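Work through the exercises below with the sequence and the structure side by side, and try each task before reading its solution.

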Amino acid sequence: MEGICTSCLYSSITPSIEYKSRRKLLNSTQKHRISLPRICAVSSVSPTQSSSEKSDALQVKDISRISALEQLDFERGVCVPFRKYSPESVRNKVLESRGQILSLVGRGVEIVWNLGLYWTTLVYDYLVGRDEEVVPFRARQLRTLLCDLGPSFIKAGQVLANRPDIIREDYMNELCILQDDVPAFPNQVAFNIIEEELGQPLEAVFSKISSETIAAASLGQVYRATLRASGEDVAIKVQRPQIEPIIYRDLFLFRTLASFLNGISLQKLGCNAELIVDEFGEKLLEELDYTLEARNIEDFLENFKDDPTVKIPRVYRQLSGPRVLVMEWIDGIRCTDPQAIREAGIDIDGFLTVGVSAALRQLLEFGLFHGDPHPGNVFAMRDGRIAYVDFGNVAVLSQQNKQILIDAVVHAVNEDYGEMANDFTRLGFLASGTDVAPIVPALEAIWQNSLEKGLADFNFRSVTGKFNQLVYNYPIRIPERFSLVIRSLLTQEGICLTLEPDFKFLEVAYPYVAKRLLTDPNPALRERLIQVLFKDGLFQWKRLENLITLAKENVTKLSENPAFRGNNRGTSKQLKIEQKLDLTDTIKDGARLFILDEGIRRQLLLALTEDSKLHIEEVVDVYRLLEDQVDVPSMALGLAQDLPSVARDILLSWSASVLSDR
């Protein structure tokens with residue numbers, strides 16, 4: 001199977017989970033694979049192999065002999081056959097004329113001079129023994145320097161603000177300011193760009209446009225306007241002028257500099273510095289194309305189309321292009337203003353439940369995750385929905401990545417920290433072949449210390465602080481997509497605590513995860529459910545009861561938008577999501593497993609007879625939890641309809657056993 005991307009094949013066999021536009025791309029790629037260059041790290045692994053078996057297969061291949069982009073494709077569990085970024089395309093762009101080469105040399109001198117002066121001050125501080133006391137000043141100095149060096153460096157600073165594997169925490173905290181505090185460029189320049197993209201004067205399309213920017217970011221800025229044709233209010237996102245050649249030039253210089261730092265990076269992070277630059281460059285060029293952001297918005301709209309608790313703005317494709325994006329204006333309340341939210345008649349606890357559930361659906365269900373949900377990008381609608389804006393920076397998780405994340409959660413629950421460390425290798429945090437033995441005790445200490453006060457007091461920020469120390473002291477690299485996920489979860493937890501200081505993130509998150517484990521039809525999640533229910537060969541009756549109770553709680557809370565208060569219910573447009581915990585497929589699959597899988601059958605029979613007694617009482621307790629949720633007649637009918645296929649599977653299993661004996 002040389003030339004075929006096994007991670008694409010792996011993803012394509014479970015297409016219902018992947019979000020749609022990317023899935024179409026993968027399916028198209030399969031049809032035309034023969035004409036594409038091979039860009040994937042593994043070429044001889046069966047698509048039916050497990051994630052861990054694939055990881056072992058990669059270890060056989062010398063990591064140093066595959067390109068950084070191939071390694072990224074393997075870690076993602078899916079390849080990108082038509083990418084905007086490659087080191088070769090960047091090199092060709094910046095070296096195509098003598099004028100550009102001269103510009104490149106001048107820019108290189110500017111960067112080396114400024115960064116060199118800053119590095120010299122750090123060395124001087126260290127030599128005179130004052131390096132710790134001047135950290136706040138040097139951190140502010142670094143932030144100012146990155147702003148002065150332009151958009152590429154501002155973006156790099158924003159990325160470093162989420163990379164404890166590269167810089168220390170006090171510098172990270174200072175660089176976080178770059179998320180919101182970025183200088184705007186002149187209005188007239190922005191208006192000229194809009195007219196160029198639209199091909200007509202502003203007055204012909206908009207009856208009104210704001211004289212000041214609503215928000216400014218590293219790559220562009222936003223205005224509010226009113227469409228002349230319909231009177232609708234819209235947000236216009238405009239890219240900074242002449243930014244593309246600047247970005248390409250800086251990426252070439254970043255990668256050139258990274259080639260001199262590969263030795264240090266391998267020692268500290270377990271990977272080449274060029275890989276980090278390639279990861280950054282690929283993401284940056286995607287953000288630079290607003291047509292991709294428009295596609296992200298449409299994917300989010302599709303994902304949440306039946307969810308009455310989430311608002312995603314429409315995008316006006318006919319008015320948008322690579323440098324201008326026009327989307328529906330969101331008239332919401334800033335999510336860090338609890339007084340305004342209460343005055344709008346919104347229940348804050350219900351609104352937080354909606355927000356956490358929406359974030360978990362993005363992460364574990366869709367695999368398309370808003371990567372920058374800071375307070376300026378998340379709003380409370382007056383009808384109780386949570387609204388997201390700015391979809392340029394999204395985290396994309398393949399089915400394989402999501403399954404490994406769930407593996408890590410299962411291993412944490414079962415206190416199997418050795419396997420948890422191996423999960424980090426499979427996700428790309430550790431280089432293949434890394435000895436995880438020294439890391440296991442550190443992971444155990446972080447997790448157990450965080451749970452000493454109980455799950456109700458679990459705090460992502462405290463856990464992340466300890467994890468930051470771990471990654472700074474061990475050769476651990478945080479892949480870009482997971483740095484976005486970590487930042488996003490931290491930001492959303494911060495918003496929750498701003499609105500409700502006593503809010504318990506996991507008290508909302510656990511019921512959703514429980515429901516996913518119990519109801520998701522994905523065979524991989526069925527396997528994880530079994531792992532959770534058995535520990536050291538013993539069936540965990542109490543754990544099963546807790547999962548059912550939590551899952552019922554999630555369904556009850558979200559059967560209608562919990563953020564609506566009584567006075568809003570009559571006027572709001574609501575859709576019912578679920579009324580009951582639908583375990584039909586789970587019970588049918590469990591019955592099939594009991595009949596066909598000798599190992600599972602033996603374990604369940606042992607569970608019923610542990611400690612030399614029949615566990616009838618536990619079975620009755622579980623039934624009582626489910627009796628109001630399960631339609632027994634329809635369940636029995638479904639099982640009866642499945643009997644022919646079960647009988648066929650039994651015959652096939654029996655014939656395979658007979659043939660193997662011979």
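**Exercise 1: two backbone angles and a loop**

D390 is partly exposed, with a relative accessible area of 24%. The model used throughout these exercises is a predicted one.

Task: find where D390 lies, and state what its phi is.

Solution. Begin with the position, which is in the loop between β10 and β11 (394–396). Then turn to the backbone, where D390 shows a positive phi of about 65 degrees although it is not a glycine. As background, most residues other than glycine have a negative phi.

Task: decide whether Q242 is buried or exposed, and say in which loop Q242 is placed.

Solution. The relative accessible area of Q242 is 62%, and because the cut-off for exposed is over 50%, Q242 counts as exposed. Its place is the loop between β4 (233–239) and α12 (243–259), and its phi, near 50 degrees, is again a positive value in a residue other than glycine.

Task: place R382 in the chain and classify its accessibility.

Solution. R382 belongs to the loop that runs between β9 (378–380) and β10 (386–388). Its relative accessibility is 48%, so R382 is counted as partly exposed. In space, the C-alpha of R382 is 7.9 Å from that of I341, although 41 residues separate the two in sequence.

**Exercise 2: the nonpolar core**

Task: name the residues that touch the most other members of the largest nonpolar core, and find which helix gives the most to it.

Solution. The core has 93 residues, of which I312, V356, I386, Y388, F429 and F505 touch the most other members. The helix that gives the most to this core is α17 (residues 348–366), with ten residues. A separate second core, of 45 residues, includes V94, M172, L175 and V277. For V356, once neighbours within four places in sequence are set aside, the contacts are C496, F503, F505, V508 and A509.

**Exercise 3: the largest cavity**

Task: say how many cavities of 30 Å³ or more the search finds, and describe the lining of the largest cavity by class.

Solution. The search of the whole structure gives five such cavities, and the largest cavity holds about 110 Å³ of space. Among the residues that line the largest cavity are V356, I386 and F505, which are also among the residues that touch the most other members of the largest core. Helices α17 and α22 (480–499) each supply at least two lining residues. By class, the lining comprises nine nonpolar and two polar residues, with no charged ones.

How values were computed. Residues are numbered from 1 along each chain as its sequence is written. This is a predicted model: local features need pLDDT of at least 70, side-chain atom pairs count only at pLDDT 80 or more; totals for chains, interfaces and linings use all residues. Side-chain values use heavy atoms; hydrogens and water are left out. A nonpolar core is a set of buried Ala, Val, Leu, Ile, Met, Phe, Trp, Tyr and Cys residues joined through side-chain atoms within 4.5 Å. Buried means under 20% relative accessible area, exposed over 50%, partly exposed in between (1.4 Å probe, protein chains only). Helices (H or I, at least four residues) and strands (E, at least two) are DSSP runs, numbered from the N terminus. Contact means heavy atoms within 4.5 Å. On a 1 Å grid over the protein atoms alone, a cavity is a set of points where a 1.4 Å probe fits but cannot get out, and a pocket is an open set with protein on both sides within 12 Å along at least five of seven lines; lining residues have an atom within 4 Å of a point. Grid points are joined across faces, edges and corners, and a volume is the space filled by probe spheres set on the points. Ala, Val, Leu, Ile, Met, Phe, Trp, Tyr, Cys and Pro count as nonpolar, Asp, Glu, Lys and Arg as charged, and the others, Gly among them, as polar.
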